[in-house]
Amino acid sequence: MLSIQAYSPEYSHAVAELFTAAIHAISEQQYSAEQKLAWAPLPIDYELWRQRLRPERCYLALLNQQLAGFIELEGDYIDCFYVAPRYQGQQVGLQLYRHIEAVARQRQLPSLRVDASLAAKAFFLKQGFELVSRNQVERNGQVLSNFTLQKHLF
């Protein structure tokens, strides 16, 4: 049974590892190995993740206390949204997204924004987001494409 809960510090290593695994599992037709390494460098900087993650902005999807995915909401901006490769296609991402949209509605946010990767763009479009712009972002010497998307809630 999947549960969604606020981030708890004992999951900081698991979040960092899930983030890295999810990015490195993206098809090389979407992002090259060099781009993925620039986006999710190795070795993992666990201290950076420990400092970044906060319960008020990060939510975890847990299956039997095992991390299956996570999502972050900063203001009206969905920052990180990743599902472990082994759980992709099993509605984990959908449940995480529905949770964050419910949080946004409870906070009476008028809209949600996200900078979606090539891998995540279709998911967000299915949730009612609309394309605002296509972006080229530099990360550690590599240029990555993503898409700014927005969904009006009220």
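This passage describes the overall fold of a predicted protein model, its nonpolar core, and a number of individual residues.

The protein contains five helices and seven strands. In sequence order these elements follow the pattern β-α-α-α-β-β-β-α-β-α-β-β. The radius of gyration is 15 Å, close to the 15 Å that the globule rule gives for 154 residues, so the protein is as compact as a globular protein of that length. The C-alpha trace extends over about 40 × 35 × 30 Å along its principal axes. Of the contacts with a separation of 6 or more, 62% are accounted for by residues 24 or more positions apart.

Buried residues constitute 46% of the 154 residues. The exposed surface of the protein amounts to about 8300 Å², of which carbon and sulfur atoms supply 49%. The protein carries 15 positive and 15 negative charges, and the mean positions of the two sets lie 7 Å apart.

The largest nonpolar core comprises 50 residues. Within this core, the residues that touch the most other members are Val15, Trp49, Leu60, Phe70, Ile78, Tyr82 and Phe124. Two or more core residues are given by each of the helices α1 (12-24) and α4 (92-106) and by each of the strands β2 (58-63), β3 (66-74), β4 (77-83), β5 (111-117) and β7 (142-152). The surroundings of isoleucine 78, one of the core residues named above, illustrate this packing in detail. When neighbours within four places in sequence are left aside, isoleucine 78 is in contact with Ile71, Glu72, Leu73, Tyr97, Ile100, Leu112, Arg113, Val114, Phe124 and Phe129.

A further buried position is alanine 16, which is found in helix α1. Its relative accessibility is 0%, and alanine 16 therefore counts as buried. Residues up to four places away in sequence not being counted, alanine 16 touches Ile44, Tyr46 and Trp49; the last of these, Trp49, is also listed among the core residues that touch the most other members. Alanine 16 and arginine 50 are separated by 34 residues in sequence, while their C-alpha atoms are 8.6 Å apart in space.

Threonine 148 and arginine 134 provide two views of the strands towards the end of the pattern. Threonine 148 is placed in strand β7. With a relative accessibility of 18%, threonine 148 counts as buried, because the cut-off for a buried residue is under 20%. Apart from neighbours within four places in sequence, its contacts are Val114, Asp115, Glu130, Leu131, Val132, Ser133 and Asn135. Arginine 134 belongs to strand β6 (residues 130-139). The relative accessible area of arginine 134 is 54%, and the residue is therefore classed as exposed, the cut-off being over 50%. Arginine 134 touches Ser145, Asn146 and Phe147, with residues up to four places away in sequence not counted. Between the C-alpha atoms of arginine 134 and glycine 75, which are 59 residues apart along the chain, the separation is 22 Å.

Several residues in loops were also examined. Proline 43 lies in the loop between α2 (33-39) and α3. The peptide bond that joins leucine 42 to proline 43 is cis, with an omega of about -5°. Proline 55 occupies the loop between α3 (46-52) and β2. Its relative accessible area is 38%, so proline 55 is partly exposed. Residues up to four places away in sequence being excluded, proline 55 touches Ala6 and Tyr7. The C-alpha atoms of proline 55 and alanine 6 are separated by 5.2 Å, although the two residues are 49 residues apart along the chain.

Two glutamines have a positive phi without being glycine. Glutamine 91, with a phi of about 75°, is located in the loop between β4 and α4. Glutamine 108, with a phi of about 60°, is located in the loop between α4 and β5. The relative accessible area of glutamine 108 is 64%, and this residue is therefore exposed.

How values were computed: Residues are numbered from 1 along each chain as its sequence is written. This is a predicted model: local features need pLDDT of at least 70, side-chain atom pairs count only at pLDDT 80 or more; totals for chains, interfaces and linings use all residues. Side-chain values use heavy atoms; hydrogens and water are left out. Helices (H or I, at least four residues) and strands (E, at least two) are DSSP runs, numbered from the N terminus. The radius of gyration is taken over C-alpha atoms; the globule rule is 2.2 Å times the number of residues to the power 0.38. Buried means under 20% relative accessible area, exposed over 50%, partly exposed in between (1.4 Å probe, protein chains only). Contact means heavy atoms within 4.5 Å. Accessible areas come from the Shrake-Rupley method with a 1.4 Å probe; for residues, only the protein chains shown count as cover. Lys and Arg count as positive and Asp and Glu as negative; His and the chain ends are not counted. The place of a charge is taken as NZ of Lys, CZ of Arg, CG of Asp or CD of Glu. A nonpolar core is a set of buried Ala, Val, Leu, Ile, Met, Phe, Trp, Tyr and Cys residues joined through side-chain atoms within 4.5 Å.
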